[in-house]
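The following exercises ask you to work from the sequence and the coordinates shown below. Each task is followed by a solution that goes step by step.

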Amino acid sequence: MRKIFVIVLGVLLGIGILGYFGQKMMISETKKHSPEIEQNFVDGDTKINIHYSSPFKKGRVIFGNLVPYGQVWRTGANEPTTFKTNVPLIINGKNLPAGQYTLWTVPESKTWKIIFNNKVYGWGVSFGGKASRDESFDTVVVETNVINSDTIMESLRIWIEKSENVDKYHLKLGWDQTLIELDVDKA
């Protein structure tokens, strides 16, 4: 009986170790195709950090196909995009307290919803591919118009630009020929 127990325990341990390293290899392989990007924006006492994985276009139709219209998108690849601010901000007229958020979007052909959710998630999608965002943690939801770009952006980019006005910024998201821009003010 003891021998069977040791064999079963050894098999289960072996499966666990293989599963762990298999998952690590899968994540590592996935991140090669969608590299992690860290954007740090500093302006005086304002510090904003954006961390995301940047997938590539690779000749694919992105919005309305790879990223379906009307469905919540984790906004990037791998783990959800995180947005961290050390000061309260006003995003398109709505108050965003200082803190860390995950950034989700609902793309449409003419407008997008941008969602700042105050829960940090693991992978961001379920095994079925559905976004794992819990909307009860949504802190700010804004809608903005799509800007069609003449330039094709081969990989997803998310960044902050300082406006000519003092204490005003623009949060931008671009991929393929789609550009999204939000107004950001210090609260």
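A salt bridge here is a side-chain nitrogen of Lys or Arg within 4 Å of a carboxyl oxygen of Asp or Glu. The model is predicted, so that local features need pLDDT of at least 70 and side-chain atom pairs count only at pLDDT 80 or more, while totals for chains, interfaces and linings use all residues. Residues are numbered from 1 along each chain as its sequence is written, and side-chain values use heavy atoms, with hydrogens and water left out.

**Exercise 1. Describe the secondary structure of the protein chain and state what percentage of its residues is buried.**

Solution. Begin with the elements, where helices (H or I, at least four residues) and strands (E, at least two) are DSSP runs numbered from the N terminus. The chain comes to 1 helix and 10 strands, and from the N terminus on the order is α-β-β-β-β-β-β-β-β-β-β. Next, apply the accessibility classes, in which buried means under 20% relative accessible area, exposed over 50%, and partly exposed in between (1.4 Å probe, protein chains only). Of the 187 residues in the chain, 39% are buried.

**Exercise 2. Find how many salt bridges the whole structure holds, and determine which parts of the chain are linked by the pair D176 and K57.**

Solution. A search of the whole structure gives 8 salt bridges. In the pair formed by D176 and K57, the closest N and O atoms are 3.4 Å apart. This pair links distant parts of the chain, since D176 lies in strand β10 (residues 168-186) and K57 in the loop between β2 (46-53) and β3 (77-85), 119 residues apart. The accessibilities complete the description: D176 counts as buried at 12%, and K57 counts as buried at 11%.

**Exercise 3. For the salt bridges D138 with R133 and D185 with K168, give the N to O distance and classify each partner as buried or partly exposed.**

Solution. Take D138 and R133 to start with: their side chains meet at 2.6 Å, N to O. D138 is partly exposed because its relative accessibility is 22%, whereas R133 is buried because its value is 18%. Turn then to D185 and K168, whose closest N and O atoms are 2.7 Å apart. Here D185 is buried, with a relative accessible area of 18%, and K168 is partly exposed at 32%. Finally, a network of salt bridges links D45, D167 and K186.

**Exercise 4. Locate the largest cavity, give its volume, and characterise its lining.**

Solution. Rolling a probe the size of a water molecule over the atoms shows where empty space is left. The cavity is defined on a 1 Å grid over the protein atoms alone, as a set of points where a 1.4 Å probe fits but cannot get out, and lining residues have an atom within 4 Å of a point. Grid points are joined across faces, edges and corners, and a volume is the space filled by probe spheres set on the points. The search finds 1 cavity of 30 Å³ or more, and the volume of the largest cavity is about 50 Å³. Its lining consists of L103, I114, I158, L171, K172, L173, I180 and L182, to which β10 gives the most, with 5 residues. To classify the lining, count Ala, Val, Leu, Ile, Met, Phe, Trp, Tyr, Cys and Pro as nonpolar, Asp, Glu, Lys and Arg as charged, and the others, Gly among them, as polar. The result is 7 nonpolar, no polar and 1 charged.

One lining residue, L103, also has a spatial relation to F83: the two are 20 residues apart in sequence and 6.6 Å apart in space, C-alpha to C-alpha. F83 itself lies in strand β3 and counts as buried at 1% relative accessibility.

**Exercise 5. Compare the backbone phi and the accessibility of K58 and T75, and state where each residue lies.**

Solution. Most residues other than glycine have a negative phi, and most peptide bonds are trans. K58, however, has a positive phi near 50 degrees, and T75, which is not a glycine, has a positive phi of about 65 degrees. K58 is found in the loop between β2 and β3, and T75 likewise lies in the loop between β2 and β3. Their accessibilities fall in opposite classes, as K58 counts as exposed at 52% and T75 counts as buried at 0%.

Technical notes
1 Å grid on protein atoms, 1.4 Å probe; cavity = no way out; pocket = protein on both sides within 12 Å on 5 of 7 lines; lining within 4 Å.
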